[in-house]
Amino acid sequence: MLTTAEPHRAITPVLTTTVAREYVHRAALSEVLMTGWNKLGRDVFTATAQWPRSHSFYMPEHGLHDPLLLCETIRQTSTLLAHVGYHIPLGHHLTWSRLQYVLAPEALRIAATPADIQLHVTCSDIRYSRSVPVTMSMHLEVSRDGDPFAMASVRFASHSPAVYKRLRAGRGEVGEVFATAPQPPEPVSRSTVGRLRKQDIVLAPTSDPQRWQLRVDTSHPVLFDHALDHVPGMLLLESVRQAAHAMEPGRATAVLPTSMDVSFNRYIEFDEPCWIEAEPVLTAAPSADARSTIRVNAVQKGFSAFHASAELADAAWV
C-alpha cells in the first residue's frame, strides 16, 4: 500500500534587524544598537539591543565590554521610545537633565557572540503639552541573555523646533554653529587617559593636574555622528572616565565606570572654553576590589554646566 508523505513544512526563521536610525538620532547605520521594542501596558515597554564585540570608540578592555555602551544604549532606548511609544515627532530635540546607572562589571565579559541586551522600561512623571510629552522619566532594568546586570534611570525634556529655537536664541542654525566650531586644543598624552588614538582624547592639559580643558572635536565620527549645536552628553560622560584615568596617569589597566549619577544643568557651547574639574572622594577604608569614587564638574563661563559622581573599578580586578 502506497502512502503519501506529509508535505514538508518550512520553518520560518526569526529575523533580527536594527530599528530605523532616525528613531535613535544616528546618521550611521553602524552606530544603531537597538533591535526592537514592544509595549506591555500603559507606560511600560520592553526594548532589545545588541552590543558588538568590538567598537571603534567604545573599545573593549581586558575582555570586557565598555560600560559606556550601556549609557549609549540608555540614550538610544529613551529616544526610540519617545518617538514610537509616545509619538514625539521626529525633529524634536531631546535633552537629558539627569542620568543614573549602576551595573555589575562581571556581566560585561565578551563572549563568542555579540551581547544581546534586554531592557524593561517603566515611564513616569510625564508632563504633557497638547498630548505630546515635554518632560518624562524612564526607569530601566537591563539584562543580558536574560540575566539582570544593571539598573538605570534617565529624565529628559522634549522641545519642538520652535521652542528649541527660542531656547537657543542668538546661537544661529545648527548647521552653521556646527560648521564654525573652533578647532580643539592639543590633547593630553595617550597614556594619561588610556586612549590609543589622539582623536578619542577629550581632555587638554592645564597647569592644574586635576583640571583640564574639555576637548571638543566635531570631526569625531561617533561622538559627533551628525551636526549638533552644543556638546553632546556622551562626550561629557567620556570626560568623566578620562578624568578618572588622568588622576592616576601611570596606571596600566582600564578604568571601568560601574555607576554614575549625573546632572546636566546647562548646554555646553562650542565657542567658550569648558573646564573639567575632578576630585577623588575619600572613603574611611580602601575598597578590597580597588574601587574608587570621583566627582567631576564641567564649568563654563563660571557656571556648573554638568556634575557627575562615579564609582570606578579597575578592570584587572573584574
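Select D125. Its relative accessible area is 54%, so this residue is exposed. The model you have open is a predicted one. D125 sits in strand β4, which covers residues 115-129. Check the backbone here. Phi of D125 is near 50°, a positive value in a residue that is not glycine.

**Next: K301**

Move to the loop between β11 (292-300) and β12 (303-314), where K301 is found. Is K301 buried or exposed? K301 is exposed, because its relative accessible area is 59%. Look at its backbone too. K301 is a residue other than glycine, and its phi is positive, near 55°.

**Next: R144**

Now select R144, in strand β5 (residues 132-144). R144 has 11% relative accessibility, so it counts as buried. The cut-off for buried is under 20%.

Follow the side chain of R144. What does it reach at 2.6 Å in R109? It reaches the backbone oxygen of R109. Then turn to A107. Its backbone oxygen lies 2.6 Å from a polar atom of the R144 side chain.

Show the surroundings of R144. Leaving out residues up to four places away in sequence, R144 touches H65, A107, L108, R109, I110 and A111. The list of contacts for R144 also includes A115, D116, I117, Q118 and F149. Put a distance between the C-alpha atoms of R144 and L108. They are 9.0 Å apart in space, with these positions 36 residues apart in sequence numbering.

**Next: H92**

Go to the loop between α1 and β3 (93-103) and pick H92. H92 has a relative accessible area of 15%, so it is buried. Which side chain makes a polar contact with the side chain of H92? It is that of S158, at 3.4 Å.

Display the neighbours of H92. Setting aside those within four places in sequence, H92 is in contact with H25, S158, H159, S160 and P161.

**Next: the helix pair α1 and α5**

Colour helix α1 (residues 68-84) and helix α5 (residues 233-246). Two packed helices are described by the angle between their axes and the distance between the axes. For α1 and α5, the angle is about 160° and the axes are 11 Å apart. That angle makes α1 roughly antiparallel to α5. The cut-off for that term is over 145 degrees. The crossing of α1 and α5 is right-handed.

Show the side chains at this contact. On α1, select L68, C71, E72 and R75. On α5, select M234, L237, E238 and R241. How do the residues of the contact of α1 with α5 divide into nonpolar, polar and charged? Four are nonpolar, four are charged and none is polar.

**Next: Q242 and L236, both on α5**

Stay on helix α5 and select Q242. Q242 is at 0% relative accessibility, so it counts as buried. Which residues does Q242 touch, not counting residues up to four places away in sequence? They are V193, R195, D200, I201, V202 and L203.

Step along helix α5 to L236. L236 is buried, because its relative accessible area is 4%. Bring up its contacts, leaving aside neighbours within four places in sequence. L236 is in contact with L214, V231, F264, I268 and F306. Draw one more C-alpha to C-alpha line, from L236 to V262. These two are 26 residues apart in sequence and 9.8 Å apart in space.

**Last stop: M260**

Finish in strand β9 (residues 255-264), the place of M260. M260 has a relative accessible area of 3%, so M260 is buried.

Turn on the neighbours of M260, again without those within four places in sequence. M260 is in contact with L68, L99, Q100, Y101, L237, V240, S309 and A310. Two of these names came up at the helix pair: L68 of α1 and L237 of α5. Then select R295. It lies 35 residues from M260 along the chain, and the C-alpha atoms of the two are separated by 9.7 Å.

Conventions
Residues are numbered from 1 along each chain as its sequence is written. This is a predicted model: local features need pLDDT of at least 70, side-chain atom pairs count only at pLDDT 80 or more; totals for chains, interfaces and linings use all residues. Side-chain values use heavy atoms; hydrogens and water are left out. Axes are lines fitted to C-alpha atoms, for helices over the stretch in contact, and angles run from 0 to 180 degrees between N-to-C directions. Helices (H or I, at least four residues) and strands (E, at least two) are DSSP runs, numbered from the N terminus. Angles under 35 degrees count as roughly parallel, over 145 as roughly antiparallel, 65 to 115 as roughly perpendicular and the rest as oblique. A crossing is left-handed if the near helix is turned anticlockwise from the far one by less than a right angle, and right-handed if clockwise. Contact means heavy atoms within 4.5 Å. Ala, Val, Leu, Ile, Met, Phe, Trp, Tyr, Cys and Pro count as nonpolar, Asp, Glu, Lys and Arg as charged, and the others, Gly among them, as polar. Buried means under 20% relative accessible area, exposed over 50%, partly exposed in between (1.4 Å probe, protein chains only). A polar contact is a pair of N or O atoms within 3.5 Å; within protein, one must be able to donate a hydrogen and the other to accept it, and residues adjacent in sequence count only if both atoms are side-chain atoms.
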